[in-house]
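User: I would like to go through this structure label by label and hear what each term rests on. Please set each value against its definition before you conclude.

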Amino acid sequence: MDPRLLDVARRAMAQAHAPYSNFHVGAAILADDGNIYAGCNVENAAFPEGWCAETTAIGAMVTGGAKHIVEITVMGEGKEFTTPCGGCRQRIAEFAGPETPVHICGPEGVRCTFKLEELLPASFGKGHLS
Ligand code: THU
């Protein structure tokens, strides 16, 4: 695992705008350009309009010009594993492969690592459109 990912995710988590859930999440992506892209969750008073940390990080990666996730770290508070929601699994899959590591972290460090295909089996992807 890239040693930068934990610190970047931790700093991103500290920036979360989560006044409604009070659940702060940070994400950090190592992209194939060698750069790390960060994101936090951004909530909204109109609750469904908020979005996840992973989505922010993917947006930053694409804006930065990269299109492939080498590995991704998701850091949440509390004792439970902060695994990506269904929508974010699909968004990660757009820019990753079945073997791509998804590191699930707490503030103290990595709690477990999944392959993307474990989180999103039998997924729909670009191959279905050709
Ligand atoms: N959240 C994330 O940002 N990423 C996840 O992987 C799970 C959930 C956010 C969405 C919402 O702002 C808060 O956590 C509570 O669901």
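User: Where does L116 sit, and why is L116 called buried?

Analyst: L116 belongs to helix α4, which covers residues 116-119; helices are DSSP runs of H or I with at least four residues, strands are DSSP runs of E with at least two, and both are numbered from the N terminus. Buried means under 20% relative accessible area, exposed means over 50%, and partly exposed lies in between, with a 1.4 Å probe and protein chains only. L116 has 4% relative accessibility, so it counts as buried. L116 and H103 are 13 residues apart in sequence, and their C-alpha atoms are 9.8 Å apart in space.

User: What should I keep in mind about the origin of these values?

Analyst: This is a predicted model, in which local features need pLDDT of at least 70 and side-chain atom pairs count only at pLDDT 80 or more, while totals for chains, interfaces and linings use all residues. Residues are numbered from 1 along each chain as its sequence is written, and side-chain values use heavy atoms, with hydrogens and water left out.

User: What makes N22 count as exposed, and what is A122 by the same reading, buried or exposed?

Analyst: N22 lies in the loop between α1 (4-14) and β1, and its relative accessibility is 53%, so it counts as exposed. A122, in the segment after α4, is exposed as well, with a relative accessible area of 85%. N22 has a positive phi of about 55° although it is not a glycine, and A122, also not a glycine, has a positive phi of about 50°.

User: Why is β1 described as largely enclosed?

Analyst: Seven of the seven residues of β1 are buried, so this strand is largely enclosed by the rest of the structure. Both faces are covered, with V25, A27, I29 and A31 buried on one side and G26, A28 and L30 buried on the other. Strand β2 (residues 36-40) is mostly covered, as four of its five residues are buried.

User: How do you know that β1 pairs with β2 and with β3?

Analyst: Two strands pair if DSSP finds at least two bridges between them. Strand β1 (residues 25-31) has five bridges to β2 in the antiparallel sense, and β1 has seven bridges to strand β3 (residues 69-76), again antiparallel, so both meet the definition. G26 has C40 as its bridge partner in β2, whereas L30 stands opposite E71 in β3. β1 and β2 form a hairpin with four residues between them, and G34 in the turn has a positive phi of about 90°.

User: What makes β2 and β5 the edge strands?

Analyst: The open sheet of five strands has the order β2-β1-β3-β4-β5, with mixed pairing. β2 and β5 (109-115) each pair on one side only, and these are the edge strands. β5 is joined by six bridges to strand β4 (residues 101-106), and the two run antiparallel; V102 and F114 are bridge partners in this pair.

User: Which residues surround the ligand, and what makes them its shell?

Analyst: A residue is near the ligand if one of its heavy atoms lies within 4 Å of it. The surrounding residues are S21, F23, V25, N41, E43, C52, A53, E54, T82, T83, P84 and C85.

User: How do you know that A53, E54 and T83 make polar contacts with the ligand?

Analyst: A polar contact is a pair of N or O atoms within 3.5 Å; within protein, one must be able to donate a hydrogen and the other to accept it, and residues adjacent in sequence count only if both atoms are side-chain atoms. Oxygen atoms of the ligand lie 2.8 Å from a backbone N or O atom of A53, 2.6 Å from a side-chain N or O atom of E54 and 3.3 Å from a polar backbone atom of T83, so each pair meets the cut-off.

User: Why is N41 counted as buried, and which backbone atom does its side chain approach?

Analyst: N41 lies in the loop between β2 and α2 (53-63), and its relative accessibility is 6%, so N41 counts as buried. A polar atom of its side chain lies 3.1 Å from the backbone nitrogen of V25.
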